Amino acid sequence: MANAKQVLIVANDGQSRDLLGHILVAAGFGVTACTDGRRLVEILGQRQVDLMIMDLDLTTPNDPQSMEVIRILSEKSILPRTLMFGENPDVDLVLSLMRQGVVDCMKKPLKATEVIRTVRKAIEPATSQTAA
């Protein structure tokens, strides 16, 4: 699976992280997962990912909220194509994140078919641009 598209999952909720990982691996994607923004920045500094999926509720002690992480990555021009997910996504927050480069937002509970469809749709434009 060396040519599998690489997806980075960032979520401090182990159940969501494991569910997304299982769905994506079963669909043929390569998956790396982490629990916080600090580790996320380290991973992006070490390897290329085709897509990042981040929990909107990502807040842990000593870790900036997801909005701040997106802003920092966007400013450093290292923000990969990004999907967000959350239980009750605030429309204003989602719109603000989309202005900073987030592609889409999925609502919990996550359904396998929706996750796969949304991930493929988000990766497809990046694949077309690289092939051109």
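## Briefing: chain layout, helix α1 and a patch on α4

Going along the sequence, you get the pattern β-α-β-α-β-α-β-α-β-α. That comes to five helices and five strands. Keep in mind that this is a predicted model. Of the 132 residues in the chain, 40% are buried.

**Helix α1: length and sides**
- Helix α1 runs over residues 14-26, and its end C-alpha atoms sit 18 Å apart, which agrees with the 18 Å that 13 residues should span at 1.5 Å a residue.
- The buried residues in α1 are Ser16, Arg17, Leu20, Gly21, Ile23 and Leu24.
- These buried residues take up an arc of only 165° around the axis, so they end up on the same side of α1.
- Flip to the other side of α1 and you find Gln15, Asp18, His22 and Ala26 exposed.
- As background, an α-helix has 3.6 residues a turn, so residues three or four places apart point the same way.

**Helix α1: the ends**
- The N-terminal end of α1 is capped by aspartate 13, with a side-chain oxygen 3.2 Å from the backbone nitrogen of glutamine 15.
- Glycine 28, just after α1, has a positive phi of about 95°.

**Helix α4: a nonpolar patch**
- Val91, Leu95 and Met98 together make a nonpolar surface patch of about 260 Å².
- One of these, leucine 95, belongs to helix α4, which covers residues 91-99.
- Leucine 95 has a relative accessible area of 43%, so it counts as partly exposed; patch residues need over 30%.

Conventions
Residues numbered from 1 in each chain as written. Predicted model: local features only at pLDDT ≥ 70, side-chain atom pairs only at ≥ 80, totals over all residues. Heavy atoms only, no water. Patch = residues over 30% accessible without salt bridge, like charges linked within 9 Å, V, L, I, M, F, W, Y side chains within 5 Å. Areas by Shrake-Rupley, 256 points an atom, 1.4 Å probe, with all protein chains shown as cover. Salt bridge = Lys/Arg side-chain N within 4 Å of Asp/Glu carboxyl O. Helix = DSSP H or I, 4+ residues; strand = E, 2+ residues; numbered from the N terminus. Buried < 20%, exposed > 50% of the residue type's maximum accessible area, 1.4 Å probe, protein only. Expected span 1.5 Å × (residues − 1). Arc of directions from axis to C-beta. Polar contact = N/O pair within 3.5 Å; in protein donor to acceptor, adjacent residues only side chain to side chain.
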